[in-house]
Amino acid sequence: MSFSLRYPWLVIVAAMILIISLTTGATKLSFVSDFRVYFSADNPQLLSFEQLEKDFNKQDTLTFLLRPSSSATVLDPLALNEIAQLTQAAWEIPYARRVDSLTNYQRIQSADDNINIDDFYRPEQASAWDIAGELEYIRTQPDLLNRLVNKDGDLALIIVSLSLPDGDEKATAELVAYTRELLAATELQYLDVQLFGTAIINLALAEAVERDMEALIPASYLLIFAGIFFLTRSLAGTFLALTLTLLSVMATFGALGWAGALGLTTARLTPVVGVVPSMIMIIVIADCLHILATYQHGLRAGMSKVPALAEAVKSNIRPVWITSITTALGLLCLNFSESPPYRDLGNLVAFAALLAAVLSLTLFIAALRVLPQPKIQPGRTLAHPGQWLSGLLLTFWQRVLQPHPRALLLGAVIVSAMLAAGVSQLKFNEQWHQYYDESFAVRQALDLQNDKLNGVNFIQYRIAAQDGGSLYRTEPMQQLQQLAEHLETFAEVGFVDSLHQPLLTLNQALHDGDKNYYRIPASDEQVAQAMLLYEMSLPFGMGLNERLTIDQTASRFTVHLFKRTSRELVAFDQALLDWAAEHTPALSIAPGSGLDMVFAQISDRNSISLFQGTLLALVLISAVMMLVLRSVRLGLISLVPNLLPALLAYGIWGYISGHVDLGLSIVACMSLGLVVDDTVHFLAKYRSARARGESTEAAIEYAFSTVGVAMIITSLVLAAGFALLLLSPFSPTWGMGGLMALTVIVALLADLILLPLLLMLLDRD
């Protein structure tokens with residue numbers, strides 16, 4: 001007899017000590033929402049991006065989007081006064097390195113043989129301010145228009161460049177909180193302000209996950225609790241399964257904290273972990289319900305509590321361990337992912353799968369042992385929906401599947417082929433700007449910037465002279481201008497930020513404003529002198545170090561684009577490089593970089609890596625199945641219901657959405673381990689009956705009668721729990737929830753229809 005049945009209180013106390021010990025490690029965890037954590041340290045695109053930041057400072061920003069609230073334009077002196085006030089206050093924001101705004105833009109003017117470089121607007125100019133004339137001036141300045149103000153003058157920016165400390169996960173939240181308090185304390189009468197920039201985007205990731213975990217995750221747990229209770233009518237069993245889920249979640253995150261303390265991992269939580277509680281719930285609920293279903297089956301057969309529990313342990317100990325091991329193997333294949341947070345996800349849930357097996361076979365059994373025996377009358381049928389489902393399932397087997405196996409299998413193959421064809425409709429595209437729906441302030445801000453200014457995507461290039469010399473020469477500057485003017489003809493380009501732009505205005509000013517001199521100077525000496533004059537005239541903190549290396553040999557060249565998919569960004573980058581190779585031979589241009597480009601490249605790389613990992617996991621899971629079932633034939637048969645669900649779910653998703661991003665690309669790997677559960681339990685019962693000498697049909701019927709209801713209950717309630725995540729306003733959450741719900745339902749149908757048909761036709765005596 002099981003140790004848990006002999007000494008239930010000892011098992012309960014020991015299990016709780018283990019769980020509490022693990023859970024205390026959660027205090028060592030920290031949360032990080034920086035986009036950089038999605039990439040491994042050796043990611044080539046990330047390395048290129050980090051090198052760009054070393055050369056030209058970090059690109060972290062906090063942006064104020066400013067719209068006039070009581071006039072038609074931000075060029076009204078009353079609005080400009082408030083922009084100047086905010087600009088000055090922005091220098092005090094924590095980690096601020098530089099502040100660029102419309103008011104402190106360095107206007108270049110010439111008068112009486114003098115060159116004056118000064119702020120675009122100062123409050124003392126208000127009385128003589130010419131709004132129409134200044135708007136016309138803005139439209140002639142390529143390094144101002146669509147960078148700090150739009151052509152209509154009804155949207156302006158204040159861009160705060162940040163130097164965030166490495167490893168300080170609280171810095172972003174600190175500076176955003178400071179900025180929000182600053183805006184609340186500043187009495188703005190003529191401006192409406194929205195916050196944007198990488199700091200806001202990073203923080204929005206954390207806030208989105210927190211919103212889901214505060215509302216949708218608890219709601220999904222409640223839905224699953226209600227569904228299990230309705231179908232089993234076992235309040236104690238349902239409550240125990242839910243309690244075990246919560247304990248497993250706490251212990252799993254605590255174990256991650258201890259692993260971090262031991263230096264085995266970083267112990268950093270990312271937005272990806274928002275799905276971990278739901279995945280743990282699947283594993284724990286499945287293990288507990290199979291045990292509970294067998295326990296109730298024994299009670300209905302006339303057994304008393306202890307023998308029924310002993311039979312439940314005996315019948316399920318092997319399937320529970322098999323499913324836990326195969327689930328862990330499937331999830332461990334996420335270690336092939338290019339993205340560290342998804343590797344952490346796989347390791348966390350793999351650990352939880354093994355922990356769930358231990359707790360379900362010890363703590364769950366011991367708790368059922370000390371609780372009063374459920375009031376189930378032996379031999380009574382249709383006592384609750386679970387029993388009604390059992391009868392319906394057997395009727396389906398006897399009247400539908402058993403009489404027509406070949407015809408039904410052919411139909412299943414045809415339907416599967418049609419659904420699987422939808423995979424061809426899938427396109428791997430990363431679109432971070434679609435993560436949030438319109439209820440998020442960050443989505444409203446990015447839509448505003450995209451619609452009215454210069455777009456929300458940007459690609460950065462490191463451009464040097466081909467001969468390694470200074471960029472302060474005529475030919476490199478002319479070709480920079482040529483490249484920028486070529487790109488400005490593209491409809492998707494909102495703004496091009498290039499080193500040559502102030503030189504055009506400065507050269508014109510040096511020639512008394514003659515428009516014929518709005519061009520690059522004709523000699524290298526003139527270029528160098530003009531740029532030196534410009535640099536010396538800039539106020540402190542507003543120099544060219546954001547655009548130019550110290551030795552003047554390389555420049556940052558930034559192209560802002562309106563909303564693009566990752567594939568479109570990659571194609572744009574390649575087109576730019578091809579054009580530049582032919583038309584700007586004096587320039588050496590590195591491939592495009594920046595977070596947009598890093599994300600654009602990772603989906604394809606991640607998919608290839610996960611495909612390799614999935615194949616390895618498939619081989620290992622197949623080997624385990626063959627070994628445990630002691631049958632190569634059954635092991636091979638099990639591959640069909642284990643592989644097909646993910647393929648068909650992606651096919652259906654292809655017809656519905658046609659879009660797969662980084663988060664959705666891991667569902668196949670995740671589901672490979674999870675869908676094995678029902679297959680293992682079904683085949684374990686089938687193999688047991690066959691070992692007793694039962695025919696194929698009788699063994700299938702025995703499997704249906706013993707585990708069929710548990711399969712249906714777990715699948716339906718878990719699919720409902722995942723489907724609830726479709727209500728999330730955060731696309732990574734609802735996308736993964738929807739695809740996982742599809743996978744669970746398809747897996748159930750495969751196990752209830754396809755698996756019995758394959759057994760009937762391929763596992764004959």
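Author: A salt bridge is a side-chain nitrogen of Lys or Arg within 4 Å of a carboxyl oxygen of Asp or Glu. This is a predicted model, in which local features need pLDDT of at least 70 and side-chain atom pairs count only at pLDDT 80 or more, while totals for chains, interfaces and linings use all residues. Residues are numbered from 1 along each chain as its sequence is written, and side-chain values use heavy atoms, with hydrogens and water left out.

Reader: Why is the meeting of Arg 556 and Glu 546 called a salt bridge?

Author: The N to O distance between these side chains is 3.7 Å; the limit is 4 Å, so the pair qualifies. Arg 556 lies in strand β12 (residues 554–561) and Glu 546 in the loop between α19 (524–537) and β12, so the bridge ties together parts ten residues apart in sequence. Helices (H or I, at least four residues) and strands (E, at least two) are DSSP runs, numbered from the N terminus.

Reader: How do you know whether Arg 556 and Glu 546 are buried or exposed?

Author: Buried means under 20% relative accessible area, exposed over 50%, and partly exposed in between (1.4 Å probe, protein chains only). Arg 556 has 7% and Glu 546 has 13%, so both count as buried.

Reader: Which residues are joined into one network by salt bridges that share partners?

Author: The network consists of Glu 438, Arg 443, Asp 447 and Lys 563. The search of the whole structure finds 17 salt bridges.

Reader: What makes Arg 122 and Asp 118 a salt bridge, and are the two residues buried or partly exposed?

Author: Their closest N and O atoms are 2.7 Å apart, which satisfies the definition. Arg 122, at 32%, is partly exposed, and Asp 118, at 27%, is partly exposed as well. In the salt bridge of Asp 100 with Arg 98, the closest N and O atoms are 2.8 Å apart; here Asp 100 is buried at 7% and Arg 98 is buried at 10%.

Reader: How do you know that strands β2 and β6 pair?

Author: Pairing requires at least two bridges found by DSSP. Strand β2 (residues 61–68) and strand β6 (residues 156–162) have six, in the antiparallel sense, so they pair. Phe 64 has Ile 158 in β6 as its bridge partner.

Reader: What makes β3 and β7 edge strands of the open sheet?

Author: The four strands stand in the order β3-β6-β2-β7, with antiparallel pairing. β3 (96–101) and β7 (191–196) each have a single partner strand, so one side of each is left without a neighbour in the sheet.
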